Amino acid sequence: MSEVTLPGELRRLLDLGLGGSGPIVFLTGAGISAESGIPTFRGEEGYWTVGSRHYRPEELATSSAFRAMPEEVWSWYLYRRGVCRRADPNPAHRALVDLEHGFHERLVVITQNVDGLHLRAGSTPQLTYQIHGNLDFMRFDDSGDRTPTEIPPEIDQDWERGRRVRASERELLSREGTLGRPHVLWFDEHYDEHLFRFESSLSTAAEASLLVVVGTSGVTNLPLQVAGQALRRNVPFVVLNRDEDTSFAELAHRAPRGHFERGPAGELVPAVTEYMMTHGLDRLA
């Protein structure tokens, strides 16, 4: 049982959301995975050296960088994948799995994270919209089939920082001589439905009875559109984050049915989901 006591206004908004018939949506970002030890990779941890030059993540995570130096970009992503694979889901991830067991298809998780921790915790893939991709997968955009496939198990999951891709590993990452690419949304690319559940995210937000934002600041396009859908309909909008200096926190403060709660995801999410299970399951039709 959670030891966190939720404030009355937050409980009121959760009750309002539970009283609706639409989806319950959790939008998650880097803050939920930081408590599993995964860095954001937009800071110092994400810098990468190729030759004598240091690259920022915004320079490496592009299709143009991949065309110019595909093996170096793969090395960076395989290192990132190794960091994520060494991490385990934390109580916030597991709490959302428990909530799904209670609310079934009514719960949808929209995640910006590419670490796969929601799925490894047990969330259902069909109800988990990985809008920026997943580091455990790759795809071949130049082929007729762009469906992501898992990175071959022979590729080392404990990739050392700075290690290059060997010829045998390049072959494993290739199909008919063509090198595949990581299944992630790059900075110079756009969301779509087939790969990143763009329309599904917006349509779910347009029908949602409750939106809970966890550990994300609101600097990317689709999450802001998801929040906008909920705010235009005046549905309960709850933001859980350690940092109050974010776009989402500001929106929560301004919204008539908004609430910001400061704290770690590993404490707040289990408390919120426990309240929802206790007070919402009897309302399911």
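With which residue does D136 form a salt bridge, and how far apart are the closest N and O atoms? In this predicted model, the partner of D136 is R85, and the closest N and O atoms of the pair are 3.0 Å apart. The salt bridge links distant parts of the chain, since D136 belongs to strand β6 whereas R85 belongs to helix α5, 51 residues away. The two partners were also examined for burial: D136 has a relative accessible area of 12% and is therefore buried, while R85, with a relative accessible area of 28%, is partly exposed.

Salt bridges number 18 in the structure. Side chains of opposite charge can pair when their charged atoms come close. Helix α5 takes part in a further pairing of this kind, in which the side chains of E72 and R164 meet with an N to O distance of 3.5 Å. Because E72 lies in α5 and R164 in the loop between β7 (149-150) and α8 (167-172), this salt bridge ties together parts that are 92 residues apart in sequence. The relative accessibility of E72 is 16%, so this residue counts as buried.

A pairing within a single helix is found between the side chains of R12 and E9, which meet in a salt bridge at 2.8 Å, N to O. Both residues lie in helix α1 (residues 8-18), and they are three residues apart, about one turn of the helix. An α-helix has 3.6 residues a turn, so residues three or four places apart point the same way. R12, at 39% relative accessibility, counts as partly exposed, and E9 is likewise partly exposed, with a relative accessible area of 32%. Elsewhere, a network of salt bridges links R139, D141, R146, R181, E189 and D192.

The largest nonpolar core comprises 30 residues, and those with the most contacts inside this core are V73, W74, Y77, L78 and L173. At least two residues of the core are supplied by each of α4 (63-68), α5 (70-85) and β6, with α5 giving the most, eight residues. When neighbours within four places in sequence are left aside, W74 is in contact with F66, M138, I151, V165, L173, L179, G180, R181 and P182. R181, one of these contacts of W74, is also a member of the salt-bridge network described above. Another core, of 28 residues, lies apart from the largest one and includes L195, F196, A227 and F260.

Helix α10 (residues 198-207) was considered next. Its residues F198, S200, S201, L202, T204 and A205 are buried, and the buried residues of α10 pack against β1 (24-28), β4 (107-111), β5, α9 and α11 (221-232).

The second largest pocket holds about 320 Å³ of space. This pocket is lined by 14 residues, of which T128, Q130, P148, H183 and L195 are the closest to its centre. L195 is thus named both in the lining of this pocket and in the core of 28 residues. Strands β5 (128-130) and β6 (133-139) and helix α9 (193-196) each contribute at least two residues to the lining, the largest share, three residues, coming from β6. In terms of residue class, the lining of the second largest pocket has eight polar, five nonpolar and one charged residues.

Note on methods:
Residues are numbered from 1 along each chain as its sequence is written. This is a predicted model: local features need pLDDT of at least 70, side-chain atom pairs count only at pLDDT 80 or more; totals for chains, interfaces and linings use all residues. Side-chain values use heavy atoms; hydrogens and water are left out. On a 1 Å grid over the protein atoms alone, a cavity is a set of points where a 1.4 Å probe fits but cannot get out, and a pocket is an open set with protein on both sides within 12 Å along at least five of seven lines; lining residues have an atom within 4 Å of a point. Grid points are joined across faces, edges and corners, and a volume is the space filled by probe spheres set on the points. Helices (H or I, at least four residues) and strands (E, at least two) are DSSP runs, numbered from the N terminus. Ala, Val, Leu, Ile, Met, Phe, Trp, Tyr, Cys and Pro count as nonpolar, Asp, Glu, Lys and Arg as charged, and the others, Gly among them, as polar. A nonpolar core is a set of buried Ala, Val, Leu, Ile, Met, Phe, Trp, Tyr and Cys residues joined through side-chain atoms within 4.5 Å. Buried means under 20% relative accessible area, exposed over 50%, partly exposed in between (1.4 Å probe, protein chains only). Contact means heavy atoms within 4.5 Å. A salt bridge is a side-chain nitrogen of Lys or Arg within 4 Å of a carboxyl oxygen of Asp or Glu.
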